[in-house]
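Subject: Structure for you to look at, with notes

Dear colleague,

I am handing over the structure we spoke about, and I would be glad if you could look through it alongside the notes in this email.

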Amino acid sequence: MWSEEQTKVIKSTDPIIQVIAGAGSGKTATMVGLLEEREKSGKFHPEETLVVTFTKKATNEFKERCQKKGISHNYHISTFHSFCYDSLKQYDTLNQWSKYKLLTESKKWVITKSLLYPYQNTIGGIPFSILLKKDGHFLRNLSLEIYLQFNTNFQSWKKENGYFEFDDLIQNFLFFLNKNEASPIKKKWKSLIIDEFQDTDEIQLAIIKQMEFENITVVGDDWQAIYGFRGATPKPFLEFCQHFPNAVPYKLSTNYRSVSSIIQKSLLPIRKNKEKIPKDTISYRKDKGFFRLIRIDQKENTLDTIWKKIQCADPRLMILTRSNFRKSEWIQVGVSREQVMTIHSAKGLEFQTVVVDVCQGWSELHDSIDLEEERRILYVALSRAKDNLIVLINDSSDPKSLCDLFSEDFSLWNRFRNRTLRWTRLW
């Protein structure tokens, strides 16, 4: 049984639609329903329809749902990068893409180290992951000359040794679309459905425009745009109707995942963001859950002590951390690897009880930090909880620390409602 909002999306005959779907709103089920409805109408041919997902896991999930519904297997369902790679292999015969290999992260860092070695005195001990984040933003600010030389040498090395990166696929495919040889691709694909559009970058947006689809459906939630480190930006989603003036927006505002109390807590960080699409979030569930705010004195309470205390709340609880380093600290004190993950890894998932660790691992406040994205990351973490939510915050506050800034936000929220629970009162 579809909701009124879902039905409007599924029954839509608009050529270009933007589905603004909140967390837990059943967007994947709605997209499968949309495919099913279009297939029944006979106006959309599966072999001319491209369905783009953000991850391989999401691709497999979408395929499985379509199979259960008896939907045609002729739809091309893949990630954006996979579609670009398949297209380049088939049509860009000049460059022989089938001979190229994907450059692994470990291999990339080995090559990066050798190429940057001559500049070690200038770079110092800055990690490569920070130097090259956001298209080398830090390295360019440090030395534009070094950045340009490194980038030239790195691209040459990849070409000479037959390697490519995911970003190379996107850029080369966009370049190829301007050639006459790309006309068969544009003629083949008439319809596009793209999920998680808030994680699209400007180049992917340009590709969508170049493809000249007759029908476009984009689905996403700008509140969950958390891949800035990969170059993604919520701007294409926020400004979608400017790029496609004929687009018709639809909203999925009912949250089927979380109880009402948790939804209200998860909205706390996102309310402060200015760059967002306003939308209501309505709770479908009438069940009751619990929310606990635990103030931690880092000097008195070790992670081992904290873990022994909180695991009694729910043996199946999931701990979400901001960084892999913080995740490893939890594992070192005995937390199972299956019970702790980074927030980015948890995106798209849901758990009965979630513990969000705001104490450590968050980016420090400085000019290069996108504070609005950090709030979106926190929102994603909080909105993974179905029934129960525990938030760990620092007992002391340092205004220069982002995790303590979030701690203060939660403290103010709870003091306003006179519900702050200190560590010593919980057990």
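The notes below cover the annotated regions, a pocket, a cavity and a pair of helices.

Please keep in mind throughout that this is a predicted model, and that the annotations I quote come from an unreviewed UniProt entry.

I begin with the annotated domain. UniProt assigns "domain: UvrD-like helicase ATP-binding" to residues 1-259, and in the model this stretch of chain is 51% helix and 14% strand, with its end C-alpha atoms 20 Å apart. The record also places a "binding site" feature at Ala21, Gly22, Ala23, Gly24, Ser25, Gly26, Lys27 and Thr28, and each of these residues, from Ala21 and Gly22 through Ala23, Gly24, Ser25 and Gly26 to Lys27 and Thr28, is included in the lining of the second largest pocket. Within that group, Gly26 sits in the loop that lies between β1 (16-21) and α2 (27-41).

The second largest pocket itself holds about 780 Å³ of space. It is lined by 33 residues, of which Lys27, Thr28, Glu61, Glu196 and Gly348 are the closest to its centre. Two or more lining residues come from each of α2, α3 (56-68) and α18 (343-346), and α3 gives the most, with five residues. When the residues of this lining are divided by class, nine are nonpolar, 13 are polar and 11 are charged.

Turning to enclosed space, the structure holds two cavities of 30 Å³ or more, and the largest cavity contains about 40 Å³. Its lining is made up of Leu50, Val52, Phe80, Phe83, Leu192, Ile207, Ile208, Met211 and Phe213, and the elements that give two or more residues to that lining are β2 (49-53), α4 (80-91) and α12 (202-211). Among the contributors, α12 gives the most, with three residues. By class, the lining of the largest cavity has nine nonpolar residues, with no polar and no charged ones.

Finally, there is a helix pair that you may wish to display. The axes of α15 (residues 260-270) and α19 (residues 371-382) come within 7 Å and cross at roughly 170°; because angles over 145 degrees count as roughly antiparallel, α15 is described as roughly antiparallel to α19. On the α15 side the contact is made by Ile262, Lys265, Ser266, Leu267, Pro269 and Ile270, and on the α19 side by Arg375, Arg376, Leu378, Tyr379 and Leu382. Taken by class, the residues of this contact between α15 and α19 comprise seven nonpolar, one polar and three charged.

With best wishes

Notes:
Residues are numbered from 1 along each chain as its sequence is written. This is a predicted model: local features need pLDDT of at least 70, side-chain atom pairs count only at pLDDT 80 or more; totals for chains, interfaces and linings use all residues. Side-chain values use heavy atoms; hydrogens and water are left out. On a 1 Å grid over the protein atoms alone, a cavity is a set of points where a 1.4 Å probe fits but cannot get out, and a pocket is an open set with protein on both sides within 12 Å along at least five of seven lines; lining residues have an atom within 4 Å of a point. Grid points are joined across faces, edges and corners, and a volume is the space filled by probe spheres set on the points. Helices (H or I, at least four residues) and strands (E, at least two) are DSSP runs, numbered from the N terminus. Ala, Val, Leu, Ile, Met, Phe, Trp, Tyr, Cys and Pro count as nonpolar, Asp, Glu, Lys and Arg as charged, and the others, Gly among them, as polar. Axes are lines fitted to C-alpha atoms, for helices over the stretch in contact, and angles run from 0 to 180 degrees between N-to-C directions. Angles under 35 degrees count as roughly parallel, over 145 as roughly antiparallel, 65 to 115 as roughly perpendicular and the rest as oblique. Contact means heavy atoms within 4.5 Å. UniProt positions are given in the numbering used here, feature names are shortened, and annotations may be inferred rather than shown by experiment.
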